[in-house]
Amino acid sequence: MLPTPLHLIDGRRTPAADGRTFPVVNPADGQTISEVPLGGAAEARAAIEGAASAFPGWRDLPAHERARPLRALAEAMVRDQQRLAHLMTLEQGKPLAEARGEILYAASFLEWSAEEARRICGQVIPASSVEKRIVVLRQPVGVCLAITPWNFPAAMITRKVGPALACGCTMIVKPAEQTPLSALAIGELAMQVGIPQGVLNIITGDAPQIAAACFADPRVRKVTFTGSTDVGRVLVRQAADNLQRLTLELGGHAPFIVFEDADIDAALAGVMASKFRNSGQTCICANRLLVHRSIIEPFTARLAEHMRALKVGAGLEPGVTVGPLIDDAAVEKVESHVADAVERGAVVRVGGSRAMGTAMRCFLPTLLERCTPEMRCWCEETFGPVLPVASFETEDQAVAMANDTPYGLAAYFYTRDASRLMRVAERLEFGVIGANDALPSTAQAPFGGMKQSGWGREGGAFAIDAYTEIKYMSWRL
Ligand code: SIN
């Protein structure tokens, strides 16, 4: 077992107030890897105190001084890439190569935010009177809470911490129960590189208690959450009393459209990259494949070959490309989606079941043909390596099928027709569009969704809006 890490609260490494811990389990074999502190309301209150006391000092630092430790944290993560990636694979299950990639991706949010810290500018607006000036100030929101998911245990933390700290906010991070080790390891590095006391606090444990304590305290001005749409709705209700600002990055149900004029090799590589990233446990991964009727048979035949070549197993095993799902409930959900689709007439072309004799909780890459809109896999997030397919005849039909979902996070399409490319991108109701690009995520882009996929954007200069208040001064000369 790994040693028990401690919370990071107000610059101190602390156990839970009552000494309780909870186990962290390796999804590949069900073994407990470590125990971490079981925090709750008491820890949340201590973290709020720390973050609130640190706020004025951090806010008032010159931007380049806030940027320095953020950049140092990014560099420390890159230096420590191997150890952090190994820890991530142990607690989350993703193949080691993907975990290494995530550490670099996570560091890129800090690096980008450190650069952007210097460019958080106000404005001077011409007034209606010669005797007046309108001066717009951009100031940090204050103490923020970040509730982060298990599917990207490092990157979803830094995507929030980077811009928040760059703007001068202080933050409390509550990582997912399944993946607290990566978060606490980042917290440890943050202490080592000199992020000042109270500016970044990390507490693990009871999510409802921690969230309730934060929502009850009006000093917490903003909550940012990545996770399910159902939990997002609960947070909206909780934010009502103190009217805390929210950024919500919620579920998705990404369509992936392959038009008849697409570069087929590129589209195949794209589907594979999007669908099987993190074993399909990605909010933006392809959930529905829509292929033009004229090419569906050759396309799916080649896709089936690619899928059969994937190597399923524990994330630390060399060559594995599809790791285990996060827990038993996740596997059961995937199984139920496949069973439901088959019962309603889908045909399993590849996979269709749990993997036998490999790591626990692995599900075989699964290709489901002849899918229809009433199937659960066609309308609910499966969050596993299952790809349902259907055909379309016209561009209008493809767009209508793609938009026929309450979600609006990401959508992909492949075409070589430049006019169609712009037309379709404009008509798709999603916050992230991959046009001939299956991996659109990057630190400088405004990531987020429409409809029931959430509110707000994180990443790039748009994230600065999420962590700043706009104030204007009308100045009579
Ligand atoms: C997510 O699953 O929401 C994050 C995916 C990404 O940042 O690419």
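Helices H3 and H6 pack against each other in this predicted model. H3 covers residues 81-92 and H6 covers residues 180-193. Their axes sit 8 Å apart and cross at an angle of about 155 degrees. Angles over 145 degrees count as roughly antiparallel, so H3 gets that label relative to H6.

Which residues do the meeting? On the H3 side, they are Arg-83, Leu-84, Leu-87, Met-88 and Glu-91. Their partners in H6 are Pro-180, Leu-181, Ser-182, Ala-185 and Leu-189. Sorted by character, the residues of this contact come out as seven nonpolar, one polar and two charged.

Zooming out, the domain assignment splits the protein into two domains. Domain 1 is made of two pieces of the chain, 7-250 and 453-476, while domain 2 runs over 254-441. Taken over C-alpha atoms, the centres of domain 1 and domain 2 lie 31 Å from each other. Where the two domains touch, domain 1 puts in 27 residues and domain 2 puts in 26.

How much area is buried between domain 1 and domain 2? The figure comes to about 2000 Å², and carbon and sulfur atoms give 59% of that. As for salt bridges between domain 1 and domain 2, the count is zero.

Key
Residues numbered from 1 in each chain as written. Predicted model: local features only at pLDDT ≥ 70, side-chain atom pairs only at ≥ 80, totals over all residues. Heavy atoms only, no water. Axes fitted to C-alpha atoms, helices over the stretch in contact; angles between N-to-C directions. Helix = DSSP H or I, 4+ residues; strand = E, 2+ residues; numbered from the N terminus. Parallel < 35°, antiparallel > 145°, perpendicular 65-115°, else oblique. Contact = heavy atoms within 4.5 Å. Nonpolar A, V, L, I, M, F, W, Y, C, P; charged D, E, K, R; others polar. Domains from an automatic or database assignment. Buried area = accessible area lost by both parts, 1.4 Å probe. Salt bridge = Lys/Arg side-chain N within 4 Å of Asp/Glu carboxyl O.
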